[in-house]
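Biologist: I am new to this structure and would like a close look at a single part of it, taken slowly and set within its surroundings. Please choose one sheet and follow its strands from partner to partner.

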Amino acid sequence: MTENYTALYDQHKKAGASFTDFGGWQMPLKYTSELAEHHAVRNAAGLFDLSHMGEVWVTGPDAGAFLDYALAGKLSAIAVGKAKYSLICDADGGIIDDLISYRRGEQKYLVVPNAGNATKVATALAERAANFNVAVEDASAETSLIAVQGPNAEAILLQLVPAGQHSLVTELKYYAAVEVGITVNGTVLTLLLARTGYTGEDGFEIYVPNEDAAGVWESLLDAGAAHGLIPAGLACRDSLRLEAGMPLYGNELSRHVNAYAAGLGPVVSLAKESDFVGKEALAAIKAAGVGSTIGQKLVGLKGLGRRAARGHYPVLNDGMLIGEVTSGQPSPTLGYPVAMAYVDVEHAGIGTVLDVDLRGKPEQFEVVTLPFYKRSK
């Protein structure tokens, strides 16, 4: 057992969750059935504890310029209230983490790294801040993060938001955030609400002080009972994000992978005036054609049979090793196996049929456009 437990650990135990170690945290893997939880998110709503994620505040007169330098995107161009997906890279262009940054004021940003990388990202940001007039504060230890994901997410949230603030929720755009009141045991708490998520569905993520997390969790479950809301664990979160073609750090992304091979070239702002850590290396990688004309690139694979590929399974062409699966499993929504893999670019064209070695037996997969699943509205 690891030593890191979220503020909602007791709620998960009470709900009968089975646990797994993830990024050094004991997290709920599933409560009853991962398939039931997956389908609930696609058809109604699921409630997730994401409190293992990091929260790093960057404030000060140079906040925007600093993040332009520290990250691979142009964060200073984000409007207040909006968010941006970006990367923090090594000097050689390798990916330290992928993250979301929210601009909460002219001189105030919230940077959200992944669970296992939160300390690394906070440390890297603090080191890179040396020549900037900014403060970097790692608030991860005192902050919980709760997500409501699925087509009924908005209706559920409106049960708890005061009527006079309903428009703040209904008019909130994707990749934007706002402070709203959420009613917990008769008290209205003002919390940060973001319209973001990792499931391919509409949904919200709520930043909560640890001491209020249990109350918010229980209030959401009560409000969502009539809307089909159930608690959902990491198992269905993984199948949901895979269907949505979203990369997972440690699977599709790592320090040994660059943005262009991972299909994240648009995230990198080489044109911005200021230098950023990794800019020179990434410019050279792009100029060389890595991920587009040479090397390997990340692709989606649709199973043509019934057997699923899994992470690290070899990808073959005419018996020759040309890549490796990073994530794979049967798709509960689509009814066939799906996978992501890095393959040699000459075999990465849409429609190419390749073999995946499933423990000594080849199974055919077709290269397809990501994402595998896209919600209808």
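Modeller: Two strands are said to pair if DSSP finds at least two bridges between them, and that term will be needed throughout. Please also keep in mind that this is a predicted model.

A few words on the whole chain will help to place the part. The protein chain has nine helices and 20 strands, and its C-alpha atoms fill a box of roughly 65 × 50 × 40 Å along the principal axes. For 377 residues, a compact globule would be expected to have a radius of gyration near 21 Å, and the chain's value of 21 Å agrees with that.

The part I have chosen is an open sheet of six strands, which follow one another in the order β11-β12-β13-β10-β4-β14 and whose pairing is mixed. At its edges stand β11 (177–184) and β14 (229–231), and since each of them has a single partner strand, one side of each is left without a neighbour in the sheet. Between neighbouring strands of this sheet the turn averages 30 degrees, with direction ignored.

Let us enter at the β11 edge. Ahead of that strand comes the loop between α6 (166–170) and β11, where Tyr 175 is found; although Tyr 175 is not a glycine, its phi is positive, at about 60 degrees. Strand β11 then runs antiparallel to β12, and eight bridges join the two. One place to see this pairing is Glu 179, which stands opposite Leu 192 in β12. The hairpin of β11 and β12 has two residues between the strands, and in this hairpin Asn 185 takes a positive phi near 50 degrees.

Leu 192 is a useful residue from which to step onward, for its bridge partner in β13 is Tyr 207. Here β12 (residues 187–194) and β13 (residues 203–209) are joined by three bridges and again run antiparallel. Within this second pairing, Ala 194 stands opposite Glu 205 in β13. Reading across the strands by way of Leu 192, one therefore goes from Glu 179 to Tyr 207, in keeping with the general point that strands of a sheet pair through backbone hydrogen bonds, either parallel or antiparallel.

Further along the sheet, a helix comes into view. Helix α2 lies across β4 (45–49), β10 (143–149) and β14, and it runs at about 115 degrees to β4. This helix also has a helical neighbour: α2 (residues 34–43) packs with α8 (residues 234–243) at an angle of about 50 degrees, the axes being 8 Å apart. That angle makes α2 oblique to α8, and the crossing in which α2 passes α8 is right-handed. On the α2 side the contact is made by Glu 34, Glu 37, His 38, Val 41 and Arg 42, and on the α8 side by Ala 235, Cys 236, Ser 239, Leu 240 and Glu 243. Sorted by class, the residues of this contact are four nonpolar, two polar and four charged.

For comparison, there is another open sheet, formed by five strands in the order β6-β7-β8-β5-β9, and its pairing is antiparallel. Its edges are β6 (83–89) and β9 (135–138), each with a single partner strand, so that one side of each has no neighbour in the sheet. The twist there averages 25 degrees from one strand to the next. At the β9 edge, four bridges join β5 (residues 56–59) to β9, the two running antiparallel, and Thr 59 has Ala 135 of β9 as its bridge partner.

Hairpins can also be followed later in the chain. Strands β16 (residues 314–317) and β17 (residues 320–330) pair in the antiparallel sense over four bridges, with Pro 314 opposite Glu 324 in β17. Their hairpin has two residues between the strands, and in it Asp 318 takes a positive phi near 50 degrees. Glu 324 leads onward in turn, since its bridge partner in β18 is Tyr 342; β17 and β18 (residues 337–344) run antiparallel and are joined by seven bridges. The hairpin of β17 and β18 has six residues between the strands, and Gly 335 in this hairpin has a positive phi near 85 degrees.

Terms used: Residues are numbered from 1 along each chain as its sequence is written. This is a predicted model: local features need pLDDT of at least 70, side-chain atom pairs count only at pLDDT 80 or more; totals for chains, interfaces and linings use all residues. Side-chain values use heavy atoms; hydrogens and water are left out. Axes are lines fitted to C-alpha atoms, for helices over the stretch in contact, and angles run from 0 to 180 degrees between N-to-C directions. Angles under 35 degrees count as roughly parallel, over 145 as roughly antiparallel, 65 to 115 as roughly perpendicular and the rest as oblique. A crossing is left-handed if the near helix is turned anticlockwise from the far one by less than a right angle, and right-handed if clockwise. Contact means heavy atoms within 4.5 Å. Ala, Val, Leu, Ile, Met, Phe, Trp, Tyr, Cys and Pro count as nonpolar, Asp, Glu, Lys and Arg as charged, and the others, Gly among them, as polar. The radius of gyration is taken over C-alpha atoms; the globule rule is 2.2 Å times the number of residues to the power 0.38.
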